[in-house]
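Hi there,

Here is the structure I promised to pass on to you. Have a look at it first, and then read on for my notes.

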Amino acid sequence: MSLDEVEILLVEDNPTDAELTMRALKRKNLINKLVWVKDGAEALDFIFAKGIYSKRNVDDLPKLILLDLRMPKVDGLEVLHEIKANEKTKRIPVVILTSSKEDRDIVESYKLGVNSYVSKPVEFDEFIDAVSTMGFYWILINKPPSEVPHGTD
């Protein structure tokens, strides 16, 4: 797979949670064009084609970003802020997928423009069902806005 064909960007520092997420998406055949990055700094490099991803076409954006909150280097809220503050990337659906159920995290995520906030279920089967349903919705059912040609409203 080319890094310019990514449909889902998974931003998750916990290898076990990443594996469970990928397993759930595989159930719905949504794993073929997934890239997993392990921290917020790597996520920003991927999205904005910097660092080790500088050869990637910055215009080929993922269709969905699954974003953990508590990560090393750059946390999920800062990644979300950078995505939603940029004209090129602000329309990418971002789903917070985290173990945090804290009201302040939920409120701040929505203030920054998150499209959905999902607390990771603790039970294995519930986790798999939640992630597979979420991936199916955002990749296959959801209709994102089409780009408006320059010079028109």
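Let me start with a puzzle: is Glu12 buried or exposed? Please keep in mind that this is a predicted model. Glu12 turns out to be buried, because its relative accessible area is 2%, and the cut-off for buried is under 20%. Its place is the loop between β1 and α1. A polar atom of the Glu12 side chain lies 2.9 Å from the backbone nitrogen of Asn14. If residues up to four places away in sequence are not counted, Glu12 touches Asp17, Ala18, Trp36, Val37, Lys38, Asp68, Met71, Leu97 and Lys120.

**The sheet and its helices**

Five strands form an open sheet in the order β2-β1-β3-β4-β5, with parallel pairing. The edges are taken by β2 (34–37) and β5 (116–119); each has a single partner strand, so one side of each is left without a neighbour in the sheet. On average, and with direction ignored, neighbouring strands of this sheet are turned by 20 degrees against each other.

Strand β1 covers residues 8–11 and pairs with β2 in the parallel sense over four bridges. Within this pairing, Ile8 stands opposite Leu34 in β2. Together with α1, these two strands make a right-handed β-α-β unit.

Helix α1 (residues 15–27) lies across β1, β2, β3 (64–67) and β4 (94–98), and it runs at about 170 degrees to β2. Helix α4 (residues 103–111) lies across β4 and β5, running at about 155 degrees to β5.

**The nonpolar cores**

Which residues touch the most other members of the largest nonpolar core? They are Leu9, Val11, Ile65 and Leu67, in a core of 25 residues. Two or more residues of this core come from each of β1, β2, α2 (40–47), β3, α3 (76–85) and β4. Val11 is worth a click: with its neighbours within four places in sequence left aside, Val11 is in contact with Val37, Asp39, Ala43, Ile65, Leu66, Leu67, Asp68 and Met71. Apart from the largest core lies another one, of 20 residues, among them Leu20, Leu30, Leu64 and Val131. As general background, nonpolar side chains tend to be buried together in soluble globular proteins.

**Helix α2**

Why can α2 be called largely enclosed by the rest of the structure? Because six of its eight residues are buried. These are Gly40, Glu42, Ala43, Leu44, Phe46 and Ile47, and they pack against β1, β2, β3 and α3. At the start of α2, a side-chain oxygen of Asp39 reaches to within 3.0 Å of the backbone nitrogen of Ala41.

Just after α2 comes Ala49, with a positive phi of about 50 degrees, although Ala49 is not a glycine. Ala49 sits in the loop between α2 and β3 and counts as buried, at 14% relative accessibility. Lys73 also has a positive phi, near 70 degrees, in a residue other than glycine. Lys73 belongs to the loop between β3 and α3, and it is exposed, with a relative accessible area of 72%.

**Helix α5**

Two residues of α5 caught my eye. Ser132 is found in this helix, which spans residues 124–141. Ser132 counts as buried, at 5% relative accessibility. A polar atom of the Ser132 side chain lies 2.9 Å from the backbone oxygen of Ile128. Leaving aside neighbours within four places in sequence, Ser132 is in contact with Ala24 and Lys28.

Tyr137 is found in α5 too, and it is partly exposed, with a relative accessible area of 37%. The C-alpha atoms of Tyr137 and Lys101 are separated by 22 Å, and the two residues are 36 apart along the chain.

When you open the model, you could begin at Glu12 in the loop between β1 and α1, and then go on to Val11 and the rest of the largest core.

Best wishes, and enjoy looking around!

Technical notes
Residues are numbered from 1 along each chain as its sequence is written. This is a predicted model: local features need pLDDT of at least 70, side-chain atom pairs count only at pLDDT 80 or more; totals for chains, interfaces and linings use all residues. Side-chain values use heavy atoms; hydrogens and water are left out. Two strands pair if DSSP finds at least two bridges between them. Axes are lines fitted to C-alpha atoms, for helices over the stretch in contact, and angles run from 0 to 180 degrees between N-to-C directions. Contact means heavy atoms within 4.5 Å. A crossover is right-handed if, with the strands pointing away from the viewer, the path from the first strand over the helix to the second runs clockwise. A nonpolar core is a set of buried Ala, Val, Leu, Ile, Met, Phe, Trp, Tyr and Cys residues joined through side-chain atoms within 4.5 Å. Buried means under 20% relative accessible area, exposed over 50%, partly exposed in between (1.4 Å probe, protein chains only). A polar contact is a pair of N or O atoms within 3.5 Å; within protein, one must be able to donate a hydrogen and the other to accept it, and residues adjacent in sequence count only if both atoms are side-chain atoms.
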